Amino acid sequence: MHDASELVLARLPSGVPIRTTVHAYGEGRLVDGPDGPELDLPADGGPVIYAQAAQHGREVNGTAVLRRLHERLTGGSGGAPDAAALDGTLVTVPVADPLTFDRVSYTTPEPLDSTHSNMNRCWPGDDEGTLHERMAARLWSFASAADAIVDLHTGSPAMLTHTVYMRGDEECRSLAEAFGTDLLLAEAAGDEADAEWSERGFAGKLRVAATREGIPTITPELAHSREVVPEAVDAGLKGTLGVLRREGLLPGDPEPWDGTVARNHLGRVNAAESGLFTPERDLAVGDEVVDGERLGAVHDPTTFEPLQTATADRDGIVYSIARESTVTAGATLVGVAERLEE
């Protein structure tokens, strides 16, 4: 069974509604409530999974993943539909933030939300708060009913596909393994995290807010923003099906995982000065590097003066490389994920 309903997330100053669509597959139904669609679950129903994409509007591969999943579940891809066979309920929102989607952007303009221009910094939201807080609160009414959450994101073209989960949470770790990317990044939170975690408002991420409410949540980063890349969509579809199998909505087990766990948000090599960055010619995502290894250089584009030799500050795996060569001081040049033995 499949239901779909228009969902009003908030309203612009002109009164124009900010709309998206919510889908429900399997045992749950979407019913009319006083403020729009609500999820109606059978008393003896199976587990509930919530999946969303495009919190950041330029990250479109997650949206394509949910379209492919929809085709599979409803028979639109030519095969037998699977939605009726779901032992539980899947809820999806293909475009979580229409404001950034329409602008092909990461954040909204300051006039729309000067407090939370990034939607993924204000979960679980506030139905009387800023524009993004109201949008998050509306989506939270669906996400908070879930037993597990997949928040699909997309990195840059020069980023190794990976899945982020809350470090130390075994349910989140198991969910990430079921999604199946070769690299898992364990992100510390709160007092165990570095200063950047609080400075950048990471406590307001959907994954963090939901995990703290006892809902295992993962953030797959599929790579390749702004364009639909078949390989990224294939990886996202395979991973989401793995989660549905792990949670028991589909029969079978996810494929056994045998990859690497590393730390998130550590090992970043940042620009000491603004200038033009040139990575080493043979540097690629997925490379193993060692402490002190040269990764590239920053030059003054007008005087040609070398400003910085970028080197790794630890052994690890290259998971991102800045390919937009004009960089400002403090920008990440190369991300190096440090392996964890856990």
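Reader: Which is Cys 122, buried or exposed?

Author: First, a heads-up: this is a predicted model, where local features need pLDDT of at least 70 and side-chain atom pairs count only at pLDDT 80 or more, while totals for chains, interfaces and linings use all residues. Residues are numbered from 1 along each chain as its sequence is written, and side-chain values use heavy atoms, with hydrogens and water left out. Buried means under 20% relative accessible area, exposed over 50%, partly exposed in between (1.4 Å probe, protein chains only). Cys 122 has 7% relative accessibility, so Cys 122 counts as buried.

Reader: OK, and how many disulfides does the structure hold?

Author: A disulfide needs a pair of cysteine sulfur atoms within 2.5 Å. For Cys 122, the closest cysteine sulfur is in Cys 172, 20 Å off and so too far for a bond. The disulfide count is zero.

Reader: Which are the edge strands of the open sheet?

Author: Strands (E, at least two residues) and helices (H or I, at least four) are DSSP runs, numbered from the N terminus, and two strands pair if DSSP finds at least two bridges between them. Nine strands line up as β1-β2-β6-β5-β7-β10-β8-β9-β11, with mixed pairing. The edge strands pair on one side only, and they are β1 and β11.

Reader: Which residue of β10 is the bridge partner of Val 164?

Author: Strands β8 and β10 pair in the antiparallel sense, over three bridges. In β10, the partner of Val 164 is Thr 219.

Reader: What angle does helix α1 make with β5?

Author: Helix α1 packs on the sheet, with β1, β2, β5, β6 and β7 as the strands it touches; contact means heavy atoms within 4.5 Å. Axes are lines fitted to C-alpha atoms (for helices, over the stretch in contact), and angles run from 0 to 180 degrees between N-to-C directions. With β5, the direction of α1 makes about 135 degrees.

Reader: Which element gives the most to the largest nonpolar core?

Author: A nonpolar core is a set of buried Ala, Val, Leu, Ile, Met, Phe, Trp, Tyr and Cys residues joined through side-chain atoms within 4.5 Å. The largest one has 34 residues, and Leu 90 and Leu 244 are among those with the most contacts inside it. At least two residues each come from β5, α1, β7, α4, β9 and α7. Six residues, the most from any element, come from α7.
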